[in-house]
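The following exercises concern the pairing of strands in a sheet. Please work through each task before reading its solution.

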Amino acid sequence: MMNELVRKADEKMNKAHETLKREFAAIRTGRASLGILDGIMVDYYGTPTHLNQVANLAVPDPKTITIQPWEPKMLGEIEKAILKSDVGLNPGNDGKVIRLSIPPLTEERRHQIVKHAKKLAEDCRVAIRNIRRDINDDIKKKGKDKDAHISEDATKKLQDDIQKLTDNHIKKIDEFLDHKEKEIMTV
């Protein structure tokens with residue numbers, strides 16, 4: 001039962017980490033990445049649909065993303081969706097394919113993006129610590145429960161295991177942030 005608490009904490013912390021990875025993938029770094037298009041929804045016959053479900057997306061070179069709709073009449077809808085989104089890219093349409101050129105980032109914009117990435121990482125750290133707090137509260141409740149028959153030593157060891165797990169996840173977040181920061185700042 002107690003190992004289940006550690007497993008539960010690890011699962012929740014991994015979910016927080018995966019969320020951070022998805023958010024980082026959507027950050028524009030000056031290089032073409034399909035992750036920046038993840039949140040774009042296209043009006044597909046009246047239904048909001050993810051861009052990757054109405055077109056083929058590709059990165060032919062580090063500065064270009066191509067979008068080839070499965071139906072040519074979707075070109076206009078895809079362009080509208082890109083322009084309405086906050087990715088800050090202007091689509092170029094040749095009648096068959098939409099091309100997105102990724103402009104180089106200014107130094108000031110790079111610093112803004114790094115600041116945003118640090119905020120996302122801190123939000124993830126807070127989520128990890130909140131998971132730790134909730135699990136520790138569960139451990140304390142079970143430790144006080146007379147029917148659970150859990151010794152004080154077992155409770156303390158479990159809390160130590162949860163702390164080690166928390167430290168490992170926060171270390172992963174820090175490493176991931178360092179990697180993303182280098183990626184953003186590299187010209």
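**Exercise 1.** Identify the bridge partner of I67 in β6, and establish how β4 and β6 are joined.

*Solution.* Step one: in this predicted model, I67 has I98 as its bridge partner in β6. Step two: β4 and β6 run antiparallel and are joined by four bridges. Step three: strand β6 comprises residues 98–101, and I98 lies on its covered face together with L100. The uncovered face of β6 carries R99 and S101. This pattern may be set beside a general rule: side chains in a regular strand alternate between the two faces of the sheet.

**Exercise 2.** Determine which residue of β6 stands opposite P91, and describe the hairpin of β5 and β6.

*Solution.* Step one: L100 in β6 stands opposite P91. Step two: three bridges pair β5 with β6 in the antiparallel sense. Step three: the hairpin has four residues between these strands, and G95 adopts a positive phi near 95° there.

**Exercise 3.** Work out how β3 is joined to β4, then state the order of the strands in the open sheet.

*Solution.* Step one: β3 and β4 (residues 64–69) run antiparallel, with five bridges between them. Within β4, Q68 stands opposite N56. Step two: the open sheet consists of four strands in the order β3-β4-β6-β5, with antiparallel pairing. Step three: β3 (55–61) and β5 (91–93) are the edge strands, since each pairs on one side only. From one strand to the next, the twist averages 25°.

Terms used. Residues are numbered from 1 along each chain as its sequence is written. This is a predicted model: local features need pLDDT of at least 70, side-chain atom pairs count only at pLDDT 80 or more; totals for chains, interfaces and linings use all residues. Side-chain values use heavy atoms; hydrogens and water are left out. Two strands pair if DSSP finds at least two bridges between them. Helices (H or I, at least four residues) and strands (E, at least two) are DSSP runs, numbered from the N terminus. Axes are lines fitted to C-alpha atoms, for helices over the stretch in contact, and angles run from 0 to 180 degrees between N-to-C directions. Buried means under 20% relative accessible area, exposed over 50%, partly exposed in between (1.4 Å probe, protein chains only).
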